[in-house]
Amino acid sequence: MSEGKAGCTVPAAEVEGAGASAAPIEEVKKEVVRMGVTVGMKAPDFTAPAFYKGGFTTVKLSQFAGKWVALCFYPGDFTFV
Amino acid sequence: MSAVADRYAEFQALGTEVISMSVDSQFVHKVWNDVELSKMIEAGGVPFHMGSDGGGAIGTAYGVYNAAMGVDVRGRFLIDPDGVIQAMEVLTPPVGRNVDETLRQIQAFQHVRKTGGGEVTPSGWTPGGKVLKPGPDLVGNVWREWSPKDVYGKK
């Protein structure tokens, strides 16, 4: 993906179709927000700022369509396990 | 994380891409890579994208964001070439994953996909191991075809 500049403006991570920030608060409250996924479901696409091979860029899940992907969440950098 | 990075070549050999994700910024990822991970990984650094999920929006979408702790807990998802989640494993922070098991599952899912579901892989299957062919004749007859002892030595 595009090479990002190492500035102070950090691009926010985005989840496809989750444009909740644009909706008025009252509307969001009424919505049933389903959190989480399960097997057999389409993986939610996302775009996230990333560090990759010494540079700053973004990573989008769907850029790897056609390949297997292991998506690994972990609690934090500099944690022990 | 470092274990997955160290064995990235094995993921690549299976045509599998890796993305790591935590709430840390990409800048913190860089420093962690440079000062610590690069010393633990044979290739000299993390070879895949280290994504930043500041705010936890992505973790929330996958059900692994813990708002009280403000972190994404240890969740691992295997996503097939069609973008469908085939496997997920979620652990609380103190226990790490087993990379061998992740690779084994990828191989098993790839085998099932290759055979169009005609062959399924019993517990503990590894490549070359006994597979089962689901069908009316197999109902009630799995015991004839497969035993836990085929895979797990009795202890």
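**Exercise 1. Describe the fold pattern of chain A and its burial.**

Read along the sequence, chain A runs β-α-β-β-β, a pattern made of 1 helix and 4 strands, where helices (H or I, at least four residues) and strands (E, at least two) are DSSP runs numbered from the N terminus. This is a predicted model, in which local features need pLDDT of at least 70 and side-chain atom pairs count only at pLDDT 80 or more, while totals for chains, interfaces and linings use all residues. Residues are numbered from 1 along each chain as its sequence is written, chains are lettered from A and ligands numbered from 1 in the order in which they are written, and side-chain values use heavy atoms, with hydrogens and water left out. Of the 81 residues of chain A, 37% count as buried (under 20% relative accessible area, with exposed over 50% and partly exposed in between; 1.4 Å probe, protein chains only).

**Exercise 2. Place Lys53(A) and Phe78(A), and state their phi values and accessibility.**

Begin with Lys53(A), which lies in the loop between strand E2 (46–52) and strand E3 (55–60) of chain A. Its phi is near 50 degrees, a positive value in a residue other than glycine, and Lys53(A) counts as exposed because its relative accessibility is 62%.

Turn next to Phe78(A), found in the segment after strand E4 (68–73) of chain A. The phi of Phe78(A) is near 65 degrees, again positive in a residue other than glycine; with 36% relative accessibility, Phe78(A) counts as partly exposed.

**Exercise 3. Which residues of chain B are in helix H3 and helix H1, respectively, among Val31(B) and Ala3(B), and how accessible are they?**

Val31(B) is in helix H3 of chain B, and it counts as partly exposed because its relative accessibility is 42%. Ala3(B) belongs to helix H1 of chain B and, at 37% relative accessibility, is likewise partly exposed. From C-alpha to C-alpha, Ala3(B) and Asn98(B) are 8.7 Å apart in space, although 95 residues separate them in sequence.

**Exercise 4. Characterise the lining of the second largest pocket by its sources and its chemistry.**

For the sources, helix H1 (2–6), helix H3 (26–40), strand E5 (74–79) and helix H5 (99–114) of chain B each supply at least two lining residues, and the largest share, 4 residues, comes from H3(B).

For the chemistry, the lining divides into 10 nonpolar, 5 polar and 4 charged residues, where Ala, Val, Leu, Ile, Met, Phe, Trp, Tyr, Cys and Pro count as nonpolar, Asp, Glu, Lys and Arg as charged, and the others, Gly among them, as polar.
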